[in-house]
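Here are my notes on the model, for you to check with the viewer open. I've kept them short and numbered.

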Amino acid sequence: MMKSVSTKYVLPTVMILFWFALVVIPSSRPLAVSISGLALFYLLLYFIVRGTDTWTVITSLKKETIILISLIVAISLIVFGVYISSFNFIPVWDNLNYWRGTLLFNKELMQDPSKTMLNIVSSINNDDYNQLLNWIMSFPIWVLSTWSGAMISELVVAAAPLSLLLSGFIYSKILDSQTKIRESFIIALFVIIFFSAHIIAPVMQGYMDCVPALLFVALIIALLDKNLPNRMFDSVFIGLGVCGVFLIRRWFVYGVIGLASCVILYWSICLLLQKNKKNLFFSLLRCVAAISVGFVFPLLIFFRQFVFRSFVGDYSNAYSSWTYMNSINAKMWNVVQSSGLLWWFLAVLSVLYLGFQMFRKKEKKVSNFILIISALSGVIISSVLFWTIQDFGIHHWYIIIFFIEIALLLPIFQLVASLSNVLLRNICCVFCVCCAVLGGCCGVGMIPLSEFGMHTSGTLTGGVLMKPFRQNDVEEKIKLIEDLADLTNEQDLVYFAAASSDLNASLALSALLPDELDVPFSAISADVDSRDGFNVAFFDAKYVVTSDPVSLHMNEENERVVVALNNFVKDPDSCIGRHYEPIKSYQFDDDVIVTIYQKKSQFEYRDINELRKYFNQWYKDQPALFNDRFESYMSKM
């Protein structure tokens, strides 16, 4: 026993001593700080899930099971890596932000580790894209700095642990009702979750939101575990986790609210069914108090400005352009269909069969039925609240997909576990795994499909969320950025009157990455009217980039600024175009002609006033974004 305990702490002790050695040596100090981000994140995860049935299940897995899961991950990473490396494109916007941000973070870390750490707190309070996630992903991207390398790193450090935790959670809940099931079930669950397109597609598009999603899953596991009432000390860490997921990505607050409703409903029903209600109630009350301490204190002490910005920001108007469906019923049906009608069909059948069996045998184990209902309440609450701001983007599914996975996979696999025929159980598991792998590969575009195939696959096993990024104009785009860098000589301003995934201002940030982190020139734009309004810096830009046809990523009514400036600059008879002349053009994919225009004369008061009147016909009710900006600029002329 003594030998077992002593060897248990050998590896952690060696790792801590190694970290201290890195800190002591000045040249390796940046590496120590980089490692700390991921290490502290995992440490928080450990304190959140330790003491749960899920942790017991995972730490009790047989060596053969661990090897097999590791082998599945390794093979999957090779396949995913080959697929991602086949992409040929320049990442922009959200596909770029956190990758580039982490590269910049590591560069600053090499120069001044202390200042970089202080900047993390400042960025959380002041920036829309703060550096907390950059710190967590710092070491993986230090090792693999390319875009595809960063995405593979995220699959390793976030997607795989997330899948293991969630599969362990579902497995532990089945164990509550089935005294003995084989560990092959957890392997099947792991594969199904790991290959979920809603989990891996955002990673393959460049989003790093799987990291906060991992923390969110840990919170789900801890708060819905039957041991929660006895974990008052660990509840402080659960509170820190709630705070952390909110800080890493602000929009996860909608998932947290959905989780809160799910947890309240779950424990309220459990309390009603409990014989010793008083003890359970006060135990839960103590946990709530401890969670509140862990959640509220960091926000009040360090991040008050973050809280203020989060609650006073007019996000419903700013992001209203990302609302594509007007009916709640249509949005709910989209959630059901996009998560796979086959899974919903199997889950409903399983619930009906298990309910009938429970009624027939007069069993009283209803905890899993309570969990399914509670998880669905989390889906509804999170979705409806988020839809008050905008519709789901591909990465926003993280706030509901884990509730959906629990509600669907738990009854299906509980039914499979109850089958007495071993062969039938194995066939059911293999069928589910094959459907998940096929659906996941189709969902991320690994398997080319016709329109009918995409519709069929999306309807049965989940939505087809992406296609491989393959552009034939990468060299032309790099040439555009290099030419603009030469023209501006790092001094003049460039305005992009374009806002598509192929052409926008963020090309200046990404075209030369990862070799060149420095921005070659100052590029500005106003991409979405409801969020960006009119950027009056346009009047100071010496160069304007246009396209024919105009490059948009939304409907014209949401990007009138882009359309108007793109057309006006190209029209020599307009109040804007008479000040410009074309100097060079480029051929992009889909027969798009991109042209650089140079300003040959300064704008006059009447030009700007005419443009002000033009936009006031559309946005008179949004003076802060349009009219006031024009008037402020004209008052200084």
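1. In which helix is S510 found? It belongs to helix α26; helices here are DSSP runs of H or I with at least four residues, strands are runs of E with at least two, and both are numbered from the N terminus. S510 counts as buried because its relative accessibility is 3%. The cut-offs are under 20% relative accessible area for buried, over 50% for exposed and partly exposed in between, with a 1.4 Å probe and protein chains only. If you skip neighbours within four places in sequence, S510 is in contact (heavy atoms within 4.5 Å) with I90, P91, V92 and L96.

2. A word on the basis of all this. This is a predicted model, with local features needing pLDDT of at least 70 and side-chain atom pairs counting only at pLDDT 80 or more, while totals for chains, interfaces and linings use all residues. Residues are numbered from 1 along each chain as its sequence is written, and side-chain values use heavy atoms, leaving out hydrogens and water.

3. Now follow the chain on from α26 (507–510): D515 is in the loop between that helix and β2 (522–524). Is D515 buried or exposed? Its relative accessibility is 70%, so D515 counts as exposed. From M204 it is 311 residues away in sequence and 21 Å away in space, C-alpha to C-alpha.

4. The sheet is worth a slow look. Its 5 strands form an open sheet ordered β2-β1-β3-β5-β4, with mixed pairing; two strands pair if DSSP finds at least two bridges between them. β2 and β4 (580–588) are at the edges with a single partner strand each, so each has one side without a neighbour in the sheet. On average, neighbouring strands are turned by 25° against each other, direction ignored.

5. β4 and β5 (residues 592–599) run antiparallel and are joined by 8 bridges. To check the register, find S585 opposite T595 and E581 opposite Q598. The hairpin has 3 residues between these strands, and D590 takes a positive phi near 60° there.

6. Which strands does helix α25 (residues 474–488) touch as it packs on the sheet? They are β1 (493–496), β3 (543–548), β4 and β5, and the direction of α25 makes about 155° with that of β4. Helix α28 (residues 560–570) packs on the sheet too, touching β1, β3, β4 and β5, at about 100° to the direction of β3. Axes are lines fitted to C-alpha atoms, for helices over the stretch in contact, and angles run from 0 to 180 degrees between N-to-C directions.

7. On to the nonpolar cores, meaning sets of buried Ala, Val, Leu, Ile, Met, Phe, Trp, Tyr and Cys residues joined through side-chain atoms within 4.5 Å. The largest has 155 residues, and I48, W343, F402 and F413 have the most contacts inside it. Helix α10 (residues 147–177) gives the most to this core, 16 residues. A second, separate core has 27 residues, including F538 and Y580.

8. Last, helix α17 (residues 304–312). Its buried residues are F306, R309 and S310. They cover an arc of only 100° around the axis (taken from the directions from the helix axis to the C-beta atoms), which puts them on the same side of α17. The face turned away from that buried side carries the exposed R304, F308, F311 and V312.
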